Structure formats: C-alpha cells, structure tokens
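Subject: Handing over a structure

Dear colleague,

Please find the structure below, together with its sequence. After it I have set out what was found, with each term explained where it first comes up.

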Amino acid sequence: MLNELTKEPQKILLITDANVDIEVMIDAVKKSKINCGEINTLFFGPASKEDFPELQLKIETGHPEDVEIPEEAYELIKDTDVLMVHFCPVPGKLIEKAEKLKLIMTNRGGVEHIDVEAATSKNIPVVNCIRNADSVGEFVIGLMIDLTRDITLSHNLLQEGKWKREYYNSSIQKTLGNSKVGLIGMGNIGCVVAKKLLALGVPTMVYDEFVTYESLVKKGLGDLEYTKDLDHLLGTADIVSLHLRYVPATEKWFRLEHFRKMRKDAYFINSARGGILDYEALVEALDQGLIKGAALDVYDREPLGDDYPLLHRENVLLTSHLAGTTLDSIALSPYILARDIDELIEKDVSDRIVNYRKITIE
Ligand SMILES: NC(=O)c1ccc[n+]([C@@H]2O[C@H](COP(=O)([O-])OP(=O)(O)OC[C@H]3O[C@@H](n4cnc5c(N)ncnc54)[C@H](O)[C@@H]3O)[C@@H](O)[C@H]2O)c1
C-alpha cells in the first residue's frame, strides 16, 4: 500500500495557511517514509490567524469550489506526486489538472474542503488527520483518575477552606491498575485511549460493533480484552467510557437499560458527543444509585446554563467540551499526519484512507 511513494523521489506540493508553519510541514514530510524529491510550497488565505475564522467557516460549510486557491497551484499540480494541505481547498478543477497525483493529504480531520469524489474518480487516496485523538485520549484518562480519586472534589473543598479526606466513593477506591476499563467504540479515539491504558497497565475491555479483534491486533492492541457482548462489558467494567460517533444510528444510543446493566460501583464517562447519550437516563441512574458516578465533557445542550440537572453533584465531574483542544493538535498536525502515512506504508491499515472503499489500492 502506497509503497511506491518510498521508491522513486516524489514531487511534493505543500499548501499551508496561517495556522500551520510551513517549516513544520516540510520537516514532517521529509521525516516521513515518503521519498521526497522537489518540494514546492504555497500559502493560502490571510497572513494572520485572527483573520482566518471567517474563511474557515466558509470552507467548513461550503464546497471546495467556493473559495479561490493560489493560482500557482494549478500549474504546480500537473507534475505533483503528493499534495499536502491544511485548510486550502482541493477542488475538482485542481484534481483534474493533476497528471501524476498519487496521494492527497490534509492536516485536518474534516475533508469538506477536498473534492473527495473527484479524487476517487482518479483513484487518488485522500488521507485526513485525526489530530486530536491524542488530546482527547489523555483527557479521558485524566477524567478517569480525577473521577475515581476525587482530585477536583478535594480541590474545590480546599478552596472553601474545608479539609476533607472521606468522599462518597472512599469505600471503593482503588488504583486504575486494579480496575477494569470498558471502552465502547474503537475508532480513532477509542484506540488511542486503549493504547494509553495498556501502557499504564490498566486492564482494558473493548466493544465495537464493526471493528474486528484482528484489526486491533494489527494496531498493536492485541493485549486488550475484546468482546462482542455489550452486556458482558457493562456488567464487568469499573469504568465505562463512550467513544462512538454521533450519527442517526447512535442517537441516544446509551440509555437507562444500559445503566441498569452496569455495576452499582462503576463509573460512566462520555467525552464523545452529547447526542449519543440519554442524559435524562443518566440523571435517573445517578438518582437511583445504579452507578457510582460520572464524568462528562459533552452534553445534550452546550453551554449548560445554571439549571443543568447534572451540575453541583458530588459524584459528577463536568468539563466544558475541552477534551480535543490542545494547541499542538493543530500546530504539530503535519507530524501526526506523517506518522499515519508511515503506518499506511508499513502496515495494512487502509481504513485510514477516507475513500478506501471506493478506490483500488495496490
Ligand atoms: N470531547 C471532544 O473534545 C472531542 C474531540 C474529538 C472527537 N470527539 C468525539 O469522539 C468520538 C469518537 O471519535 P473517533 O474519531 O474515535 O470516531 P470514529 O468514527 O473513528 O470511531 C467511532 C467508532 O464507533 C464504532 N461504532 C459505531 N456505531 C457503533 C455501535 N452501534 N456500537 C459499537 N460501536 C460502534 C465504529 O465502528 C467506530 O470504530 C466522536 O463522537 C467524536 O465526535 C470529541
């Protein structure tokens, strides 16, 4: 897969913008396994980050053809082998002119700025960058430790002048290493959380309707416990963490019946999307003592407002949709993307290619 990029020197075109330093893009691509020949660079959009949001919104809500891109791109693309962009649109009329293009990469997670259909029609793989998976992964582990060890609770009480050493969960407190974590959804983020948990020696069980154990083994996650039985995970795990995408099929996916199947001394975490959880069911589960506590980074309404029913509870830890927001996830995204490309070159992980079901990959 994409192996030919390592053989002959490849002509590279990098198009950056105010958000990502071109030197980082150059360094990342040079450090990747791609055999870099001539590297051309272009700059897209306003010079300053502060002037970017308006353009960004236009790109995120529009079509790749809606925004002008540097004119030189149309000439350079003709004999480019590998194209890397951040926000710069890749419209069909640019792809049309490409005669040798073998790979389109973007440092973003979203691909609405790329005419993926046009790329597919020319059998060109498009690879995006899951740049905040590490950021979310670390945050989730932080939530697990904070929730089970009362870090924020203690901090808040100390600020009120109270020195307290007994909490609602003191009688069941144990280390993560002696707990079992159950992850639901083993996509980009679920896999990162699992990798970090395994590295910390935390027994980890996972459930994903569509991901096979073999694919997890290929990602170096063979040590985790894989189950196709959701009830088994719910009935076993000390901490259940949701990592599903919000799509029509996952609307209010986690409901009261699921909380009923959890252990009464277990914790629940949602850092994915508000839409996948029935929040009324969570309130009921906490009120009825069906679970011990919960940590949330995402909600059914954001911001919460003063009357939010999950505020001011000792056993609920809340953060304001922060999990994915670290600066390095943008500034250093070319390195993350280059690492993914190396993995694509080395291992058979074609599901990282956005249009992989529609193209022929040799
Ligand atoms: N809190 C934040 O700041 C933040 C930041 C980034 C992403 N997210 C969210 O994190 C979530 C996970 O993101 P991702 O990139 O890992 O998504 P992903 O699409 O890579 O993974 C989702 C996984 O869920 C699995 N899945 C889908 N339906 C399922 C079902 N019914 N049962 C079991 N598994 C099912 C899929 O097979 C897939 O493996 C998303 O909801 C995303 O929006 C949150």
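Two strands are said to pair if DSSP finds at least two bridges between them. Helices (H or I, at least four residues) and strands (E, at least two) are DSSP runs, and they are numbered from the N terminus. With those terms in hand, strand 7 (residues 204-207) and strand 8 are a parallel pair joined over two bridges, and within that pair Val-206 has Tyr-226 of strand 8 as its bridge partner.

Before going further, please keep in mind that this is a predicted model, in which local features need pLDDT of at least 70 and side-chain atom pairs count only at pLDDT 80 or more, while totals for chains, interfaces and linings use all residues. Residues are numbered from 1 along each chain as its sequence is written.

The protein as a whole

The secondary structure of the protein consists of 14 helices and twelve strands. Its radius of gyration, taken over C-alpha atoms, is 23 Å, close to the 21 Å that the globule rule (2.2 Å times the number of residues to the power 0.38) gives for 362 residues, so the protein is as compact as a globular protein of that length. The C-alpha trace spans about 70 × 45 × 35 Å along its principal axes. A residue is called buried if 20 or more other C-beta atoms lie within 10 Å of its own, exposed if 12 or fewer do, and partly exposed in between, with the C-beta atoms placed from the backbone; by this count, 40% of the 362 residues are buried. Two residues are in contact if their C-beta atoms, placed from the backbone, lie within 7 Å, and among the contacts with a separation of 6 or more, 69% are between residues 24 or more positions apart.

The sheet of five strands

Strands of a sheet pair through backbone hydrogen bonds, either parallel or antiparallel. One open sheet has five strands in the order 2-1-3-4-5, and its pairing is parallel. Strand 2 (36-43) and strand 5 (126-127) stand at the edges with a single partner strand each, so one side of each is left without a neighbour in the sheet. Strand 4 (residues 103-106) pairs with strand 5 in the parallel sense over two bridges, and Met-105 stands opposite Val-127 of strand 5 there. Helix 1 (residues 22-31) lies across strand 1 (10-16), strand 2 and strand 3 (82-85), and it runs at about 150° to strand 1; such angles run from 0 to 180 degrees between N-to-C directions, with axes being lines fitted to C-alpha atoms, for helices over the stretch in contact.

Strand 4 also holds Thr-106, which counts as buried because it has 24 C-beta neighbours inside 10 Å. Leaving aside residues up to four places away in sequence, Thr-106 touches Val-85, His-86, Val-111, Ile-114, Asn-128 and Cys-129.

The sheet of seven strands

A second passage of the model to look at is an open sheet of seven strands, ordered 8-7-6-9-10-11-12 with parallel pairing. Its edge strands are strand 8 (225-226) and strand 12 (316-318), each of which pairs on one side only. Strand 9 is joined by four bridges to strand 6, to which it runs parallel, and likewise by four bridges to strand 10, again in parallel. Ser-241 of strand 9 stands opposite Leu-183, and it also stands opposite Ile-269 in strand 10.

In a regular strand the side chains alternate between the two faces of the sheet. Both faces of strand 9 are covered, since Ile-239 and Ser-241 on one side and Val-240 and Leu-242 on the other are all buried. Strand 10 (residues 267-270) is also covered on both faces, with Tyr-267 and Ile-269 buried on one side and Phe-268 and Asn-270 buried on the other.

The ligand and two loop residues

Which residues are closest to the ligand? Of the 27 residues that surround the ligand, the closest are Gly-185, Gly-187, Ile-189, Ala-323 and Gly-324, where a residue belongs to the surroundings if its C-beta atom, placed from the backbone, lies within 6 Å of the molecule.

In the loop between strand 11 (293-296) and strand 12 lies Pro-303, which is joined to Glu-302 by a cis peptide bond with omega of about -5°. His-312 is found in the loop between strand 11 and strand 12, and it has a positive phi of about 60° although it is not a glycine.

With best wishes
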